[in-house]
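Colleague: Before using this model, I would like to know what stands behind the terms applied to it. Shall we take them in turn?

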Amino acid sequence: MIRYLYADQLDQFPVLRDSMFRDRADQFRTRLGWEVTVDNDGFEKDEYDTLNPLYVIWEKPDGRHGGSMRLLPTLGRTMVNDHFGHLTDGVRIESPLIWECTRFCLARETSPRTAPSLMLAGGEVMRSFGIDHCVGVFDARMVRIYRMIGASPDVLGTEGTGREAISVGLWNFSAEAEERVVESAGVDPVQSRLWFEQAFGAAKQCEAVQAA
C-alpha cells in the first residue's frame, strides 16, 4: 500500500522509516556509488530530510519499505536550485505550482508495480494540492524506468553522456499520463484515491491543510 508521511510523522512507523533510509543507503551508495552520507545506523539522509518533506512510500505487507520518493515545495530550499542550477542555465525553479521530487528509491526485493504506484501517488498529490508540475534530477538509468511506467519528463537540461548523464526533468499529470501510469501500476484508481484520503482526508480537508 501507499503511505503519505511528513518527516515529523515517520517515528510513528519505525520499521518503515528505518528500512526506507537503509534502502536509500543501499541504492545510492552501494549500488550506484554516489557520494552520499550514511550514518552509524546505516541510514542515508541529507539536509533536505530536515525540512519536513512529504514522503510517498510503498509499504510492503510486512511493514517494510518497498520504494519511496521525497517531495518539497520549490518556494523553499531544493536540490535542483541549490546544486543543479547549471542544468537550467541558472534559472531558479520557484513556484507554488511546482514541487521537487527527489530520492526516488526502490528496495532490492519489491513488486514490479512499486515504481508506477509511486508515480500514481505523486499524481494524487499534484491533483489534490493544486500542483501543475514536479521537477527532479535523475540519472540515465531512470530514463528506461520512466518510459516503462509511461511517465517520461520534459528534459530541461543534461550534463554528461550515456550512463553518466544527469538531467533535470519536469513532469505534469495529464489525464493521458494518468491512464498510462494506472495501466503500469495495476492499481485501481479508486484504491489509489483511498490511500490518499486515509492520509489527508477528503480533498477539501487536504486543501485546508495546504492553506494553513
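Colleague: Which residues on the other side of α4 are exposed?

Modeller: R144, R147 and M148. This is a predicted model, in which local features need pLDDT of at least 70 and side-chain atom pairs pLDDT 80 or more, while totals for chains, interfaces and linings use all residues. Residues are numbered from 1 along each chain as its sequence is written, and side-chain values use heavy atoms, with hydrogens and water left out.

Colleague: What makes a residue exposed rather than buried?

Modeller: The relative accessible area decides, taken with a 1.4 Å probe on protein chains only: under 20% is buried, over 50% is exposed, and in between is partly exposed. In α4, which spans 141-149, the buried residues are M142, I145, Y146 and I149. α4 is called a helix because it is a DSSP run of H or I with at least four residues; a strand is a run of E with at least two, and both are numbered from the N terminus.

Colleague: How do you know that the buried residues of α4 line one face of the helix?

Modeller: They fall within an arc of 100 degrees seen down the axis, so they line one face. The arc is that of the directions from the helix axis to the C-beta atoms. An α-helix has 3.6 residues a turn, so residues three or four places apart point the same way. What the buried residues of α4 pack against is β4, α3, β5 (133-139), β7 (166-171) and α5; contact here means heavy atoms within 4.5 Å. Just after α4 comes G150, with a positive phi of about 90 degrees.

Colleague: What makes you say that the buried residues of α5 are on the same side of the helix?

Modeller: The buried residues of α5 (175-185) are A177, E178, V181, V182 and A185. Their arc around the axis is only 135 degrees, and therefore they sit on the same side of α5. E176, E179 and E183 are exposed on the other side. The cover over the buried residues of α5 includes α3, α4 and α6 (189-200). G186, just after α5, also has a positive phi, of about 65 degrees.

Colleague: Which phi value does D89 have, and is D89 buried or exposed?

Modeller: D89 is not a glycine, yet its phi is positive at about 55 degrees. Most residues other than glycine have a negative phi. D89 lies in the loop between α2 (79-83) and β4 (98-106). Its relative accessible area is 73%, so D89 is called exposed.

Colleague: Why is R103 called buried?

Modeller: Its relative accessible area is 11%, so R103 falls in the buried class. R103 belongs to strand β4 and has a positive phi of about 50 degrees, again without being a glycine.

Colleague: Why is a set of residues called a nonpolar core?

Modeller: The set must consist of buried Ala, Val, Leu, Ile, Met, Phe, Trp, Tyr and Cys residues joined through side-chain atoms within 4.5 Å. The largest core has 36 residues, and Y4, L54, V56, V125 and F129 touch the most other members. Helix α3 (114-129) gives the largest share, eight residues. A second, separate core has eleven residues, among them Y48, F84, V168 and L170.

Colleague: What makes a space a cavity rather than a pocket?

Modeller: On a 1 Å grid over the protein atoms alone, a cavity is a set of points where a 1.4 Å probe fits but cannot get out; a pocket is an open set with protein on both sides within 12 Å along at least five of seven lines, and lining residues have an atom within 4 Å of a point. Points are joined across faces, edges and corners, and the volume is the space filled by probe spheres set on them. One cavity of 30 Å³ or more is found in the whole structure, and the largest cavity has about 40 Å³. I2, Y4, S117, L120, A121, V187, S192 and W195 line the largest cavity, with α3 giving the most, three residues.

Colleague: How many residues of the second largest pocket's lining are nonpolar, polar and charged?

Modeller: Seven are nonpolar, four polar and one charged. Ala, Val, Leu, Ile, Met, Phe, Trp, Tyr, Cys and Pro count as nonpolar, Asp, Glu, Lys and Arg as charged, and the others, Gly among them, as polar. The lining includes R144, I145, M148 and I149, and α4 provides its largest share, four residues. The second largest pocket holds about 230 Å³.
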